[in-house]
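Visitor: Please pick one part of this model and take me through it slowly. I'd like to know what sits next to what.

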Protein chains: 4
Amino acid sequence: MSAEPCYDVAHLGHIELFTDKPDESLDFFVRVYGLTESGREGDSVYLRGFDDYEFHSLKLTAWHTTGLGHASYRAASEAALHRRVAAIEKLGCGLGWTDGDLGHGRSFRFRSPDGHIFELYYDTVKYKAPDAEKPALKNIAQRYHGRGAAVRRIDHFNLLASDVAAMRDFFTGALGSRVTEQIVLDSGRLAGCWFTVNNKSYDVAVTEDHAGAKGRFHHVTYACDQRDDILRAADVFLENGVFIEQGPHKHAIQGTFFLYVYEPAGNRVEVANAGARLILQPDWEPITWTETERKKGQAWGLKTIPSFHTHGTPPVEEKG
Amino acid sequence: MSAEPCYDVAHLGHIELFTDKPDESLDFFVRVYGLTESGREGDSVYLRGFDDYEFHSLKLTAWHTTGLGHASYRAASEAALHRRVAAIEKLGCGLGWTDGDLGHGRSFRFRSPDGHIFELYYDTVKYKAPDAEKPALKNIAQRYHGRGAAVRRIDHFNLLASDVAAMRDFFTGALGSRVTEQIVLDSGRLAGCWFTVNNKSYDVAVTEDHAGAKGRFHHVTYACDQRDDILRAADVFLENGVFIEQGPHKHAIQGTFFLYVYEPAGNRVEVANAGARLILQPDWEPITWTETERKKGQAWGLKTIPSFHTHGTPPVEEKG
Amino acid sequence: MSAEPCYDVAHLGHIELFTDKPDESLDFFVRVYGLTESGREGDSVYLRGFDDYEFHSLKLTAWHTTGLGHASYRAASEAALHRRVAAIEKLGCGLGWTDGDLGHGRSFRFRSPDGHIFELYYDTVKYKAPDAEKPALKNIAQRYHGRGAAVRRIDHFNLLASDVAAMRDFFTGALGSRVTEQIVLDSGRLAGCWFTVNNKSYDVAVTEDHAGAKGRFHHVTYACDQRDDILRAADVFLENGVFIEQGPHKHAIQGTFFLYVYEPAGNRVEVANAGARLILQPDWEPITWTETERKKGQAWGLKTIPSFHTHGTPPVEEKG
Amino acid sequence: MSAEPCYDVAHLGHIELFTDKPDESLDFFVRVYGLTESGREGDSVYLRGFDDYEFHSLKLTAWHTTGLGHASYRAASEAALHRRVAAIEKLGCGLGWTDGDLGHGRSFRFRSPDGHIFELYYDTVKYKAPDAEKPALKNIAQRYHGRGAAVRRIDHFNLLASDVAAMRDFFTGALGSRVTEQIVLDSGRLAGCWFTVNNKSYDVAVTEDHAGAKGRFHHVTYACDQRDDILRAADVFLENGVFIEQGPHKHAIQGTFFLYVYEPAGNRVEVANAGARLILQPDWEPITWTETERKKGQAWGLKTIPSFHTHGTPPVEEKG
């Protein structure tokens, strides 16, 4: 008999990103990338895409270096939150409850095998558009402002890890995530893995850190409505002197139309469009890509750029 | 404390559509609309979009008239199927089990308050692409053939009903659907309602039948990846002499970019693109549109065409 | 033997538009429509699209009413300018030379049969981007700023006239324009005419003024690179409370993808995309649309809105 | 005083392409690239895009190798043709008159400094759509069939040459072409040059042949209406096993959105979209790209692939 899929976690809520160039990063995220500020507290600025329904989807925090502060998912209900916390504590990676912040109520923190900090919460703060940001149509969270890349909502993030298989067990065990696609090398080693907790084809990906570091961040991605928005964003980045690492192109894995850039402090940021692709199938079986298949590059033949496997944040310290 | 959302039903699986012009309808759906035939049995042809993972998403059946044969949802698991059947039987609208057909195993049939036939199943037949239809990238079900409007997957359907509120109770009770948007007239009457069982913003809509009939069909919609696919489809329809009822334009409700046409037998068919819009929020509260708001027309001001409220299938018999 | 086409006039240079709400109109053209100011003089502000190579393509002038100040074409050379002036003087509609303004050197003014003021010049002022507006790629005039509808360049304008046939003789005689498409009613009367002096499919159109006025203005159009820019502009207009008259849709005549709005003072403004359509054929024969064909509406069946034939600027005085 | 631009040549008419795999090449051009056959004679098949107004824009000829048969331009009038022939004969590169073929009347042949064969004609054969290909809107040459990449019209071609400066003098002298953009190396050598005879930003480009050969062909390009058509074409090529050399991406030079593939016999073929870019300016001054600027790669940073400078047709014979 078929197992019941787990629906305890509703969606990726937000990530906290560290920057050692807070002013430049904030200017990038607001003016060029097109997020909107909803609040500030301490060294953090809270930001969101125009159709993110919560107070924030990005917490940008001034820090001595770059990388991931934490990644946070919203549970499907209070009861589901407690089921997940029980499962996480059983896995032995729990860190305990927080009182929340400007963006949500209390949350439970836990740690990935590679050391990334995660968080689960249910009580949230929903965004209330001030008059100047009220949309013409009331089914979007904020007016379409058209500023910069004008991204719609947070889509997914990507972590680097020293042991992808351990991360797979972590995501499936702690969040109840499903694996939708994966890279398995000829040696049998899992080199990349794409996960989802809902009908999106992925909300997080984990790939091997070829620099030999632990707990690093690869990128965060916001969704745009159309591929043409990605092409337009490329011109916006170009005209604003933003470093374009690769794209626009179409991923072979997941089929997403993508564009990678670095924000001023060095964190990689993506804009992407998935078209009408969803994973609605309850008994989806992971797609496995072989080493040979990966060597073909992206969907239309673009070779994956070497920095994709080595550039993460924070930067790796040089050994001397 | 928050209620737990219901995830028993995974997604809309297929609809059966009746046609009294079977050859013309089939030619339209394959050559112009861009579905692919996967099998035939009796008076029915089984069809699917290039990324529908099941054997079929449209069963086209020759019949003395037009309209909906039945609408069919796939449960999330065998256990979930039985939970839903128990709920449906409690509602008193169950019709009993079938042995299934070419496209799926046994299914449970039930009836809407307006008389539309529904079906739930879990055992399904997954599409296996023959060599000529194998995709270059193995994460889509079938190669992108580019034929006609080349729609990707079934998206939603729309029913006409004499009592929309009764339909709302039916969908929430039988399928565990959530209401995402609705039209409430000044009189307080529910005139339109949009439902979902997953993260899509809707998989079915019900609107009032201004012709005073019962159990009629309004339209079925397949999703395209981009708005430009809808514009291109408009040219494809134009060049093939297909009747275009309205569009392309953007719906105020749900924000979908849409185009309505009639297939040769008169059933209304839509192609649509939702952009990156999803309902990820577990505690989503229905958006309510007032009578005044609806009078503004569609998103960019296009007035809803009168036939939208009267043209359904089968046609209403003239009283003499 | 074939006649030699006339190439004396290179392109539409700019139009001067009157507004009785100068502040609101300027805010619209800069912040919402996406033009950039290049200078001011007297009651006029000079504006241009990001890839207009000249100092301006729109001269917005505060005035007691709305409508066209004048329309101005650039000649292909100094010699060509003088050939045209000679032809215009022979037609008897010349008004004489001006000393030019901020945007160009001396110009020759003349009058259409309906009373619209025209101008021809060769000496021009080319736009020099200040540092903040320098493009990343030096083959466009100004950086792509992405502000508002972010239109690229002036495309065409449309005049209302009491006698379209007289306007046709005027354009072919004075400017050496070619007729690319036209509407001929069953009565034989010319009801609409599209003209070009170069490879664009049209740079001006003239249609009948059903309000019975003379010398009125119908609309000015700027080109965007993609149809998706037009769809995006529709959202920008919607969110900024701009009145959308009709569209986005595709014209049957000329096949242009279009969207009409009114700027705050009431002048009609269009954003459009022509795709890859050009009139390269030197012996192009005008396409003639009959009354019956026009009743089919636009390309995908949208009926032309009645205000399209009556709303012009300045508004017609009510007779009491 | 300004010189008068030359308008004697109206536009690129067609090219003849050699193939040593005629069946595979024809299948590619019709089924995958989306051209339509209009006739056959001898070893040649005549093909055109759906909005090419002439009988053909591509003459595909079976031959022992690949590369350019000839390139052919249409003059603006009979008189203009004779002015050009006089200029060509003065340059000493004339080859004499032909009787024409299925696609046009008599033509004058001449030779480029590198040995490419050119042709000029005025009398042409206009395409008459058979009933099955009649468009719904009578201002396009043939119905939009949507087959394969469904390209609209011939746009430009590119030649390799041993001496680009000699080719520049040839184009400006023989055809009256204007240089719109060029690459000038630090040594002062002209390494690439883009030309136009009309308002298109280029109709032919010449780049250095790094393989040291003479008279070779680089690619032919057809225009699509939208960038999204290019992205869609990439999927069509992918699914049909066509070799994708590079793209989709945006050229720094000319700003064209492009995609390069090889047809089965090895000739390079491009699909491209120029947006709303036109060269309307009569006194356009060539944009010059330096060696340093070219090292930045394409518009969004993609490095030009090495084969772009070496792969031409016919292939260079190996020296042993």
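**A helix and the sheet beside it**

Guide: Let's start with the whole chain: in chain A, 66% of the contacts between residues at least 6 apart in sequence join residues at least 24 apart (a contact means two C-beta atoms, placed from the backbone, within 7 Å). Keep in mind that this is a predicted model, where local features need pLDDT of at least 70 and side-chain atom pairs count only at pLDDT 80 or more, while totals for chains, interfaces and linings use all residues. Residues count from 1 along each chain as its sequence is written, and chains are lettered from A and ligands numbered from 1 in the order in which they are written.

Chain A holds 5 helices and 17 strands (DSSP runs numbered from the N terminus: H or I of at least four residues for helices, E of at least two for strands). Its radius of gyration is 19 Å, close to the 20 Å of the globule rule for 320 residues, so chain A is as compact as a globular protein of that length (the radius is taken over C-alpha atoms, and the rule is 2.2 Å times the number of residues to the power 0.38). Along the principal axes, the C-alpha atoms of chain A fill a box of roughly 55 × 45 × 45 Å. Of the 320 residues in chain A, 59% count as buried (20 or more other C-beta atoms within 10 Å of a residue's own, those atoms again placed from the backbone; 12 or fewer is exposed, and in between is partly exposed).

Now for the close look, in chain B. Find B:Gly173, which belongs to helix 3 (residues 164–175) of chain B. With 14 other C-beta atoms within 10 Å, B:Gly173 is partly exposed. Setting aside neighbours within four places in sequence, B:Gly173 is in contact with B:Ala87 and B:Leu91. B:Ala87 is 86 residues away in sequence, yet its C-alpha is 7.2 Å from that of B:Gly173.

Helix 3 of chain B also lies across strands 9 (153–161), 10 (178–184), 11 (190–196) and 12 (204–208) of chain B, and runs at about 20 degrees to strand 11 (axes are lines fitted to C-alpha atoms, for helices over the stretch in contact, with angles from 0 to 180 degrees between N-to-C directions).

What about the sheet? In chain B, 9 strands make an open sheet with mixed pairing, in the order 14-15-16-13-9-12-11-10-17 (two strands pair if DSSP finds at least two bridges between them). Its edges are strand 14 (243–250) and strand 17 (287–290) of chain B, each pairing on one side only. From one strand to the next, the twist averages 15 degrees. Zoom in on strand 13 (residues 217–223) and strand 16 (residues 268–273) of chain B: they run parallel, joined by 4 bridges. One bridge puts B:Ala223 opposite B:Ala272 in strand 16 of chain B.

For a contrast in direction, hop to chain D, where strand 2 (residues 36–41) and strand 3 (residues 44–48) pair antiparallel over 5 bridges. There, D:Gly39 stands opposite D:Tyr46 in strand 3 of chain D. These two strands of chain D form a hairpin with 2 residues between them, and D:Gly42 in the turn has a positive phi of about 60 degrees.
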